[in-house]
Amino acid sequence: MKRIVPPLVVFAAIIAGWYALAYSLDNNFASADGSALIIPPPHMLFDGMNAPTWQRISSALTISGSTAIVGLALSLVIGVALGVVMSFSRGLESALWPWLIALQVTPIIVLTPIIVRVIGASFGARVLVTVLISFFPIASNTLFGVRGVSLALHDLFTLAGASRWRRLTELQLPAASPAVFAGLRVSAGLAVIGAIVGDFFFTRGTPGLGRLVVYFFQDTRSGPMFATALVAIFLGLGFFIVVAVLRRLLVSPWDCT
Amino acid sequence: MPPTESVTVPALEARGVSHRFAEREVLHDVSLTLANGEIVAVVGPSGCGKTTLLRTCAGLLAPSHGTIRRNDPKVGFVFQEPALLAWRRVGGNAALLAEDDATVEQLLRISGLAEHRHKWPYQLSGGMKMRLSLVRTLAARPQLVLLDEPFGALDQLTRYRLHDEFLRLHTQQRFTALMVTHAIDEAVYLADRVVVMSGAPGSIVAEFVVPTARPREPPMRYDAAFAALCGRIAACLGDHP
């Protein structure tokens, strides 16, 4: 109960604030049919929605969702691989780390047009944008997780004559997995952001959630724009929940921290 | 044909071992021999190189000078911390280095951990974790076991209990053990010989033979001879800070 009530209280406050804002804006309901122009109050959120609009949002969700899923999966593979490779050699780490930081601090929105220009507005380009924005937390957390294995445990595997592969798979990666999951949780949110923000530049073909929300923004009806935003929020939430469930299944049973 | 000579190779022989970390010498000319099945305890002030000595004996560290010889390449090491794999259950940790399941089962039973085999390490008490660490080491059936203050972090009652368990396992497996400890009474209770090291750079300044025969029982701790020997070792440590 203690875990449920506080978020519900905040939710109620948000809804109340939403209503207050919607009804306090001048001209919010000045359209001929009385629908909201700027911010629809919660109960009118889906006014003006019809089957074709839902169909467009559904197609956009499929595009953005699949981009984020593939992008996050690749980020996991690339991030873990980079983290492991850097953990093997301080030289490699010092060679790669500044470039990874540079990539991380570069706003993805300035890289997206370059990517589209170079490789075209394909699904691969969408995925590349998503990977670029989301792999870093996994790579850095893997690096620190693998490096954080205690000397005693390393000694144990040395005395057992363990091969580098056995040391990696039976010691370093399991030991790093809580850190990898912490990175994955951040990356999951970033992957959805990457899939949606990158979509702004993909002007051809079926739009993703990013381009669709811009389209509805230019439209006079607010309902579809809010509905699209809500779907994007739920997409991000879905990613967060999937990662949390995976962590609960794979790491939480033994990691009491 | 030359006559065959029966030579007993010691389980561990360190000759003139010295070690430096950069400019700092931590071990100086240490020589030590352990016969098969013998338990030797090393006591000395903090920072005198006891752990470095163990690591060189294990082959984890190459000494700057001197030689280390073991009659069996397989070495068991019990660390100051239990060093358990958090993602493996008790049974999985016990079997990590083992060559056969029967030994693991037997050790789990003897150590009272069999009923906890499905627990995760974080669900164990400090004493149980250390016991599991010992079981994991012995499950590999090493001839030589090196122990680095294995009972140092435990309360006295648990320590005493583990001492007896350790001796029971020793009686059963007859391994050779070199143990580093801060506790003089622990050294005297468990070991056949107690070696005293001086402060840094560590070198051996005295050796005491513990005359009490095995098997040893807890009443030994309250023996006058036991107290006298502990007193002599403490005095020796005081003379070599």
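1. In this predicted model, chain B contains an open sheet of 6 strands, which follow one another in the order β5-β6-β7-β3-β8-β9 and whose pairing is mixed. The edges of this sheet are taken by β5 (75-78) and β9 (204-209) of chain B, each of which pairs on one side only. From one strand to the next, the twist averages 15°.

2. Beginning at the β5(B) edge, one finds that β5(B) and β6(B) pair in the parallel sense, with 4 bridges between them. Within this pairing, V78(B) stands opposite L147(B), a residue of β6(B).

3. Moving one place along the sheet, strand β6 (residues 144-148) of chain B runs parallel to β7(B), and the two are joined by 5 bridges. One position to look at here is D148(B), whose bridge partner in β7(B) is V180(B). Between these two strands the chain passes from β6(B) through helix α5 (residues 156-173) of chain B to β7(B), and the resulting β-α-β crossover is right-handed.

4. With strand β3 (residues 39-43) of chain B, too, β7(B) pairs in the parallel sense, over 5 bridges. In this pairing V40(B) has L178(B) of β7(B) as its bridge partner. In general terms, the strands of a sheet pair through backbone hydrogen bonds, in either a parallel or an antiparallel sense.

5. Is strand β7 (residues 176-181) of chain B mostly covered or mostly open? The strand is mostly covered, since 6 of its 6 residues are buried. As a general rule, side chains in a regular strand alternate between the two faces of the sheet. In β7(B), T176(B), L178(B) and V180(B) point one way, whereas A177(B), M179(B) and T181(B) point the other way, and all of these residues are buried. The bridge partners named above for V40(B) and D148(B), namely L178(B) and V180(B), thus belong to the set that points one way from the strand.

6. Turning to chain A, helix α7 (residues 164-199) and helix α8 (residues 209-218) pack at an angle of about 50°, and their axes are 6 Å apart. Because angles of 35 to 65 degrees fall outside the parallel and perpendicular ranges, α7(A) counts as oblique to α8(A). The residues that meet are I196(A), V197(A) and D199(A) on the α7(A) side and L209(A), G210(A) and R211(A) on the α8(A) side. Sorted by class, this contact of α7(A) with α8(A) comprises 3 nonpolar, 1 polar and 2 charged residues.

Note on methods:
Residues are numbered from 1 along each chain as its sequence is written. Chains are lettered from A and ligands numbered from 1 in the order in which they are written. This is a predicted model: local features need pLDDT of at least 70, side-chain atom pairs count only at pLDDT 80 or more; totals for chains, interfaces and linings use all residues. A residue is buried if 20 or more other C-beta atoms lie within 10 Å of its own, exposed if 12 or fewer, and partly exposed in between; C-beta atoms are placed from the backbone. Two strands pair if DSSP finds at least two bridges between them. A crossover is right-handed if, with the strands pointing away from the viewer, the path from the first strand over the helix to the second runs clockwise. Axes are lines fitted to C-alpha atoms, for helices over the stretch in contact, and angles run from 0 to 180 degrees between N-to-C directions. Angles under 35 degrees count as roughly parallel, over 145 as roughly antiparallel, 65 to 115 as roughly perpendicular and the rest as oblique. Two residues are in contact if their C-beta atoms, placed from the backbone, lie within 7 Å. Ala, Val, Leu, Ile, Met, Phe, Trp, Tyr, Cys and Pro count as nonpolar, Asp, Glu, Lys and Arg as charged, and the others, Gly among them, as polar.
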